[in-house]
Amino acid sequence: RGVSLKSVLDNLLAWRAFLAVAKTGSISVAARLLDLDSAAVSHMVAEIEQALGYALFDRSKRPFKLTPRGRVVMPLGYRHMGYAPPADVGQQKMNF
């Protein structure tokens with residue numbers, strides 16, 4: 001059973017998880033920042049990817065890197081969370 005795009009868009013914690021992984025390059029570091037366990041963060045990111053239909057991260061190496069599509073989605077994630085994405089989203093300061 002697939003995850004609906006609407007349910008994922010409504011899940012702000014999942015977007016926080018995505019942005020935290022994008023910023024840190026690590027599921028476990030993102031989980032610590034969000035005070036969640038790694039499995040929950042991994043699951044939330046996977047749900048976003050499933051709903052969108054493509055991978056947001058290249059998981060073949062550590063730290064995780066955004067895929068080209070992930071780099072497109074990242075500023076949208078900032079906007080969805082109510083943050084204005086900066087010109088260089090990698091330098092964005094965010095409170096998790």
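Helix α4 buries V41, M44, V45, I48, E49 and A51, where buried means under 20% relative accessible area with a 1.4 Å probe, protein chains only. Helices here are DSSP runs of H or I with at least four residues, and strands are runs of E with at least two, numbered from the N terminus. The model is predicted, so local features need pLDDT of at least 70, side-chain atom pairs count only at pLDDT 80 or more, and totals for chains, interfaces and linings use all residues. Residues are numbered from 1 along each chain as its sequence is written, and side-chain values use heavy atoms, leaving out hydrogens and water.

The cover over the buried residues of α4 includes α1 (5-10), α2 (12-24), α3 (27-34) and β1 (57-58). Just after α4 comes G53, with a positive phi of about 90 degrees.

Now let's look at α5. Its buried residues are G70, V73, M74, P75, G77 and Y78, and what covers them includes α2, α4 and β2 (65-66). G82 follows α5 and has a positive phi near 95 degrees.

How do the helix spans work out? The expected span is 1.5 Å times one less than the number of residues.

| Helix | Residues | Expected span | C-alpha end distance |
|---|---|---|---|
| α4 | 38-52 (15 residues) | 21 Å | 21 Å |
| α5 | 68-80 (13 residues) | 18 Å | 19 Å |

The end distance agrees with the expected span for α4, and likewise for α5.

Finally, meet a helix pair. The α2 and α3 axes, lines fitted to C-alpha atoms over the stretch in contact, come within 8 Å and cross at roughly 125 degrees. Contact here means heavy atoms within 4.5 Å. Residues in this contact include A17 and A20 of α2 and A30 and L33 of α3.

Conventions:
Buried means under 20% relative accessible area, exposed over 50%, partly exposed in between (1.4 Å probe, protein chains only). Axes are lines fitted to C-alpha atoms, for helices over the stretch in contact, and angles run from 0 to 180 degrees between N-to-C directions.
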